[in-house]
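Q: Please take a close look at one part of this structure, the packing of its nonpolar and aromatic side chains, and describe it in connected prose.

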Amino acid sequence: QDPDGCALVHDMEIFGPVATLMPYRDLEHGLALAHRGQGSLVCSLYGEDAAALATASTDLAASHGRVHVVTPDVAKLHTGHGNVMPQSMHGGRCRAGRFTGTGFLPPQKRHAGRTQRAAGTGCNDGSLTMIDFSQPFNFAEYLFDLNQDRADKIAYTDDQCTLSYAQLQEQARRIAHGLLAAGIHREERVLLVMHDMREWVISFLGAMYAGVVPVAVNTLLTPADYAYMLEHCRAQAILTNGALVPAVQQALNQAQHEVNHIWVARPEEAPQGLPPAFEPLQPWLAQQTPLPHAAKTMGDDPGFWLYSSGSTGKPKGAVHTHANPYWTAVLYGKPVLGLNENDVCFSAAKLYFAYGLGNALTFPLSVGASVVLMAERPTPEAVFARWMQHQPTVFFGAPTGFAGMLAHPALPAREQVSLR
């Protein structure tokens, strides 16, 4: 009854399906009460006064990870208070900042200027270059164009060798040509089940360049999971690596699939060699010429699929457009993380996760940075070895991983690493 005089309702943080109703006199009073909560993951505004909603959104952006504005028209299609859109950020200032998964940057730095960005200003230099999405937009082509002047710079370093920006573009365009030459059409799917390596990146971007839709899946799943996904997404081809051949072969034996081609990176890793119909990737790639022009996709055309974990039933295929990764880079990778071309990024989360995809592809390639890839599981020992050998400046992890590393006796000293 007295939200101004009751401190407990503001100071006690309750996480879960709990609601407290508080009366407020007017918009200004309501905003003041919201700020007394010391920040939250998400705040929802309901109303139909556009001016009032705009004022409230800008004000609340300073202390909330996400602000959802729901008008009567939006309410008919709204999916819920906690919904996360590709351009949204998980977390917020103050107490909410504890729950972000954004690496080592402090909340104060991550969220500095968030209100100004919400009001329409831009990236690190105060500007925000917008894309005209009424025109064709292909995300792979967009990245290649951004990095035309970085041809000799190292884009990726994996467990075997490096890949320059020029090599990345050429090989991805060869993949694009090869997929189309194999009879795979625009918007048809190809299953990408591959460990983190340079071939993953050229396969993913090559498919997008051709207008084909890569379906990136978890490499720790069972053959039954892959069989389900092959049927569900109607994949026309599979791109994999030698170590995963046995699981892929079992999945093909179980599924009623439409797969006509299977290309294998690093076939020497296959425990028992390649079965019939499994073709080594590199010789096939060498036979292709780079596709001269990207598919004329639009920003809202399907770009790639990622599957959910399946914790509530069968995994759900989430369709991401060509514009979605652009927005995550422009609204988060550049202004919030502050990545630049001098960074070396290393992600414990793998590329088949949305988190890992941003960390190791979308964000760094959007600024011309370099990336370290690791095929094995991110144990503390494996992570420390890459920190020491490749000296990344930005590391992306998760709370459980951080806890394990901090407790590990082999944790490197601060002066041994280059993390900023």
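A: What follows goes through the nonpolar cores, then the aromatic rings, and ends with a polar contact.

The model is a predicted one, and its largest nonpolar core has 52 residues, of which Y156, L168, W200, V201, F204, L205 and L361 touch the most other members. Helix α9, which spans residues 198–209, gives the most to this core, with 8 residues. L361 offers a view of the surroundings: leaving aside its neighbours within four places in sequence, L361 is in contact with F139, L143, Y156, W200, V201, F204, L205, L351, G356 and S366. Apart from this core lies another, made of 26 residues, among them V215, L230, L244 and I262. In soluble globular proteins, nonpolar side chains tend to be buried together.

The aromatic rings can be followed next, and the count of their pairs comes to 19. One of these pairs joins Y332 and F363, whose rings are edge-to-face, at 5.4 Å centre to centre and with 70° between the planes. Because Y332 belongs to helix α13 (residues 323–333) and F363 to helix α14 (residues 354–365), this pair ties together parts that are 31 residues apart in sequence. Buried means under 20% relative accessible area, so Y332, at 16% relative accessibility, counts as buried, and F363, at 7%, counts as buried too. Another edge-to-face pair is that of F395 and F402, so classed because the ring centres are 6.1 Å apart and the planes stand at 70°. Both partners fall under the burial cut-off, F395 with a relative accessibility of 2% and F402 with a relative accessible area of 17%.

Beyond these individual pairs, ring pairs link F133, F137, F139, Y142, Y326 and W327 into a cluster. F139, a member of that cluster, is also among the residues that L361 contacts, while Y326 and W327, likewise in the cluster, have numbers that fall within the 323–333 range of helix α13, the helix that holds Y332. An aromatic ring also takes part in an arrangement with a charged side chain, for K314 lies over the face of Y228, at 5.0 Å from the ring centre.

A polar side chain completes this account of buried residues. H10 lies in helix α1, which covers residues 8–11, and H10 is buried, with a relative accessible area of 2%. A polar atom of the H10 side chain lies 2.8 Å from the backbone oxygen of P3.

Conventions:
Residues are numbered from 1 along each chain as its sequence is written. This is a predicted model: local features need pLDDT of at least 70, side-chain atom pairs count only at pLDDT 80 or more; totals for chains, interfaces and linings use all residues. Side-chain values use heavy atoms; hydrogens and water are left out. Helices (H or I, at least four residues) and strands (E, at least two) are DSSP runs, numbered from the N terminus. Buried means under 20% relative accessible area, exposed over 50%, partly exposed in between (1.4 Å probe, protein chains only). A polar contact is a pair of N or O atoms within 3.5 Å; within protein, one must be able to donate a hydrogen and the other to accept it, and residues adjacent in sequence count only if both atoms are side-chain atoms. Rings of Phe, Tyr and Trp (its six-membered ring) pair if their centres lie within 6.5 Å; planes under 30 degrees apart count as stacked, over 60 as edge-to-face and the rest as tilted. A charge sits over a ring if NZ of Lys or CZ of Arg is within 6 Å of the ring centre and within 35 degrees of the ring normal. A nonpolar core is a set of buried Ala, Val, Leu, Ile, Met, Phe, Trp, Tyr and Cys residues joined through side-chain atoms within 4.5 Å. Contact means heavy atoms within 4.5 Å.
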